[in-house]
Amino acid sequence: MKADLRHDEHAAAADTLEVIDAPGAAPQRRRSRVRHALALVVPALVTLVLLTFVWWVIARFWVSSHRSFLAPTPGKVLSDGLLDSRTMHEISASLWLTTKLSLFGLGVAIVLGVVVGIAMFSWKPIERAAYPYLVALQAVPVLAIAPMLTISFGYSFWAKSIIVIIISFFPIPTTLLLGMKSVDAGLVDLFRLSKASWWTRLWKLRLPNALPSLFAGLRISAGLSVIGAIVGELFFQQGRPGLGQRIYDYTQNMQYPQLYTAIIFSSLLGIAIFTVFGWLGNRAIRSWHESAVENK
Amino acid sequence: MTFPDGTAALRDVSFSVRPGEFTSVVGPSGCGKSTLLRIAAGLERATAGSARVDAERLGFVFQDPTLLPWRTVLGNAELLLELHGVPRDERRDRALEAIAAVGLQGFEMHHPKRLSGGMRMRASLARWLTLDPPVFLFDEPFGALDEITREKLNEELLRLFSDKRFAAVFVTHSLFEAVYMSSRVLVMSSRPGRIVADIAVPFGYPRSQDLRFDPAMSEIAGEVSSALRSVW
């Protein structure tokens with residue numbers, strides 16, 4: 001029970017000691033792992049409960065009764081949305097479509113972003129030529145350029161994907177570039193002394209060094225890709241309906257409990273993709289980078 | 001050596017180091033000691049004069065351990081061989097040998113993050129040992145370490161030197177370290193750096209630790225110290 005007294009950070013080390021010292025340490029190890037998981041989840045759940053309560057208070061007491069259809073209570077969203085089989089059937093089909101769209105767009109953005117980042121690093125004029133437009137791309141009101149996209153891509157999956165790419169692109173080349181530039185000068189000297197080629201330096205020094213910041217960028221892009229997908233679906237309403245289209249339809253039909261359900265699932269999708277990239281990033285750098293959570 | 005901004009780092013510096021000679025360079029901070037080594041290694045081009053190193057490979061131990069943080073001790077030890085195109089199996093063997101030579105056995109799979117400052121420096125040293133360079137340049141390698149670790153690494157470096165007899169140029173801030181390690185001590189003036197004294201240390205290798213407290217050693221250290229004070 002010694003481990004109970006220790007601070008969380010030392011729990012892993014304490015476990016190892018227990019394993020060596022005592023044969024009966026395994027259950028305790030499992031228990032501390034459960035406690036670790038709880039410590040991660042409980043604060044977020046508390047926030048959820050609080051927010052739901054605030055929502056309920058507002059919907060119940062603040063919104064006047066003749067407008068209450070605009071702001072359904074949590075209970076109503078639960079009964080007509082989350083627990084309603086027809087709604088859930090619609091939304092789960094849409095969720096899958098939106099997931100595919102987000103991941104596809106994000107994948108293309110990652111590949112393009114890495115290529116652009118490396119190009120910007122390799123030749124300064126490319127960086128100077130591209131950077132202002134990367135910033136501009138981020139600032140562009142996507143809905144305003146959507147009509148232009150329909151000329152080239154119609155209302156297809158491709159048109160929606162372009163929106164995802166535009167919205168999620170910026171963090172990738174910029175964080176990659178930052179990471180590639182911030183290599184320790186001594187390490188650069190080391191590679192110069194060994195007369196390493198440009199490619200060798202890129203592959204063995206610059207890119208690995210850029211991983212932590214690139215993953216920070218990827219986490220941002222992951223969340224943005226879901227926004228992009230939903231915006232894309234809101235605008236290009238053709239083919240099978242994704243979450244964006246559901247949101248539009250529910251709004252048009254004034255099905256507000258269903259609308260809120262769709263919004264909840266959009267957020268969950270964002271959280272899920274963010275978490276996956278956070279996990280991947282942590283796996284990639286946990287053994288050596290300060291920012292990573294140590295393997296428990 | 002004059003930098004583009006007009007700072008004159010070195011002036012009229014001329015010396016040569018023979019194989020098997022351990023030469024230390026001491027001087028006030030900012031006197032161009034590091035620049036001297038960087039010119040010798042070809043990392044910096046001299047604005048006048050030249051540096052010639054009759055060796056295909058040279059070892060250059062920096063002030064910082066400069067390990068790749070994403071590689072283990074073993075991975076770091078293999079890096080230079082990798083860059084020189086040595087095949088995998090041979091690389092592994094030579095890296096393990098070098099790691100053993102600096103006393104890091106058992107830490108092969110550790111990342112630098114988990115090592116102490118002294119151990120990181122050992123790993124850095126091991127990396128260069130894999131190349132078995134006939135010329136070694138040291139740029140205040142132990143300057144950031146505590147005194148106990150420093151003494152220990154002094155001993156180990158002396159042992160390696162006695163064994164391999166490379167030519168060494170060792171830049172340091174510590175007068176005592178300079179004398180204890182070297183067969184010759186060069187004293188430099190403050191900027192622009194010139195060599196103001198060239199003092200021989202007449203003790204052979206391997207050196208016994210008792211030498212640290214030998215009056216003859218103190219006498220030479222005194223000589224170096226007064227040479228330094230004359231140019232402050």
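Let me begin with G103(B), which sits just after helix 3 of chain B and takes a positive phi of about 75 degrees, a value that, like everything else I will mention, comes from a predicted model.

The helix before that glycine, helix 3 of chain B, covers residues 88–101, and at 1.5 Å a residue its 14 residues should span 20 Å, which agrees with the 20 Å that separates its end C-alpha atoms. Within helix 3 of chain B, the residues R91(B), A95(B), A98(B) and I99(B) are buried, and because they cover an arc of only 100 degrees around the axis, they lie on the same side of the helix. In general, an α-helix has 3.6 residues a turn, so residues three or four places apart point the same way. The face turned away from that buried side carries the exposed residues D89(B) and E90(B), while the cover over the buried residues includes helix 2 (73–83) and helix 4 (117–129) of chain B.

I99(B) deserves a second look, since leaving aside residues up to four places away in sequence, I99(B) touches V73(B), L74(B), A77(B), L104(B), Q105(B), E108(B) and A126(B). In the largest nonpolar core, which has 69 residues, I99(B) is among those that touch the most other members, together with A126(B), A168(B), V179(B) and V224(B). Apart from that core lies another, of 47 residues, including I110(A), L134(A), L224(A) and L259(A).

Turning to chain A, we find 12 helices and zero strands, and buried residues make up 32% of its 296 residues. Of the contacts in chain A between residues at least 6 apart in sequence, 70% join residues at least 24 apart.

Terms used. Residues numbered from 1 in each chain as written. Chains lettered and ligands numbered in written order. Predicted model: local features only at pLDDT ≥ 70, side-chain atom pairs only at ≥ 80, totals over all residues. Core = buried A, V, L, I, M, F, W, Y, C linked by C-beta atoms within 7 Å. Buried ≥ 20, exposed ≤ 12 C-beta atoms within 10 Å, placed from the backbone. Contact = placed C-beta atoms within 7 Å. Helix = DSSP H or I, 4+ residues; strand = E, 2+ residues; numbered from the N terminus. Expected span 1.5 Å × (residues − 1). Arc of directions from axis to C-beta.
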